[in-house]
Amino acid sequence: MPKIIFQEADGTRIEVEAPVGKTIMEAARDSNVPGIDADCGGALACATCHCYFSDDQIGMLPAKSASEEDMINFANAEVKDGSRLSCQISITQDMDGWVVQVPDTQ
Ligand code: FES
């Protein structure tokens, strides 16, 4: 099973099991990763699952939907080029070892 490492804003790293087919948000939530609130449970209605991805990672991900693009603008933390809503990203085997940055606020 892939593992994904969530890096908190203070540099703390938390490695979690990331089952293929679940979303990155679900992997974080199921392992109680602090800073991934996911208030809407993945319904694309809260932007509290905001994460930052590297350029390489972004290049491997499907493009944002128009709905994700709209909702991410409601994120409390700064929206950057690597910003995505993690409830919209399904885990694949390729993601094993990825380090995903958690914003300083949701
Ligand atoms: S969990 Fe609410 S938008 Fe992702």
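Arginine 84 is placed in strand S4, which spans residues 83–85, in what is a predicted model. Its relative accessible area is 5%, so arginine 84 is buried. Two polar partners are found for its side chain. One is glutamate 68, whose side chain is joined to that of arginine 84 by a polar contact of 2.8 Å. The other is the backbone oxygen of proline 62, which lies 2.8 Å from a polar atom of the arginine 84 side chain. Beyond residues up to four places away in sequence, arginine 84 touches a list of residues that includes Cys49, His50, Cys51, Phe53, Ile58, Leu61, Lys64, Ile72 and Ile89.

Serine 83 is also placed in strand S4. With a relative accessible area of 1%, serine 83 is buried. A polar atom of its side chain lies 2.7 Å from the backbone nitrogen of lysine 80. Neighbours within four places in sequence aside, serine 83 is in contact with His50, Cys51, Tyr52, Lys64, Ile72 and Glu78. Two of the residues just named are themselves paired: lysine 80 lies over the face of tyrosine 52, at 4.4 Å from the ring centre.

Phenylalanine 53, one of the residues that arginine 84 touches, leads to the nonpolar interior. In soluble globular proteins, nonpolar side chains tend to be buried together. Here the largest nonpolar core has 28 residues, and those that touch the most other members are Ile4, Phe6, Ile24, Ile36, Phe53 and Met95. At least two residues of this core come from each of strand S1 (3–7), helix H1 (24–30), helix H3 (66–72) and strand S5 (98–101). Helix H1 gives the most, with 4 residues. Apart from neighbours within four places in sequence, the contacts of phenylalanine 53 are Ile24, Ile58, Leu61, Gly82, Arg84, Ile89, Trp98 and Val100.

The contact with Trp98 deserves separate mention. The structure holds 1 aromatic pair. Its rings belong to phenylalanine 53 and tryptophan 98; their centres are 6.4 Å apart and their planes stand at 70°, so the pair is edge-to-face. Because phenylalanine 53 lies in the loop between S3 and helix H2 (55–60) while tryptophan 98 is in strand S5, the pair ties together parts that are 45 residues apart in sequence. Phenylalanine 53 and tryptophan 98 are both buried.

The cysteines form another topic. How many disulfides does the structure hold? The number is 0. For cysteine 51, the closest cysteine sulfur is that of cysteine 49, and the two sulfurs are not bonded because a separation of 7.0 Å is too far for a bond. The cut-off for a disulfide is a pair of cysteine sulfur atoms within 2.5 Å. Cysteine 51 has 0% relative accessibility and therefore counts as buried. Cysteine 51 is also among the residues in contact with serine 83 and among those touched by arginine 84.

Cysteine 46 is placed in the loop between H1 and strand S3 (50–52). Is cysteine 46 buried or exposed? Its relative accessibility is 19%, so cysteine 46 counts as buried; the cut-off for buried is under 20% relative accessible area. Cysteine 40, by comparison, has a relative accessible area of 24% and is therefore partly exposed. Leaving aside neighbours within four places in sequence, cysteine 46 is in contact with Ala38, Asp39, Cys40 and Met71. Cysteine 46 and phenylalanine 74 are 28 residues apart in sequence, and their C-alpha atoms are 7.6 Å apart in space.

Definitions and conventions
Residues are numbered from 1 along each chain as its sequence is written. This is a predicted model: local features need pLDDT of at least 70, side-chain atom pairs count only at pLDDT 80 or more; totals for chains, interfaces and linings use all residues. Side-chain values use heavy atoms; hydrogens and water are left out. Buried means under 20% relative accessible area, exposed over 50%, partly exposed in between (1.4 Å probe, protein chains only). A polar contact is a pair of N or O atoms within 3.5 Å; within protein, one must be able to donate a hydrogen and the other to accept it, and residues adjacent in sequence count only if both atoms are side-chain atoms. Contact means heavy atoms within 4.5 Å. A nonpolar core is a set of buried Ala, Val, Leu, Ile, Met, Phe, Trp, Tyr and Cys residues joined through side-chain atoms within 4.5 Å. Rings of Phe, Tyr and Trp (its six-membered ring) pair if their centres lie within 6.5 Å; planes under 30 degrees apart count as stacked, over 60 as edge-to-face and the rest as tilted. A charge sits over a ring if NZ of Lys or CZ of Arg is within 6 Å of the ring centre and within 35 degrees of the ring normal.
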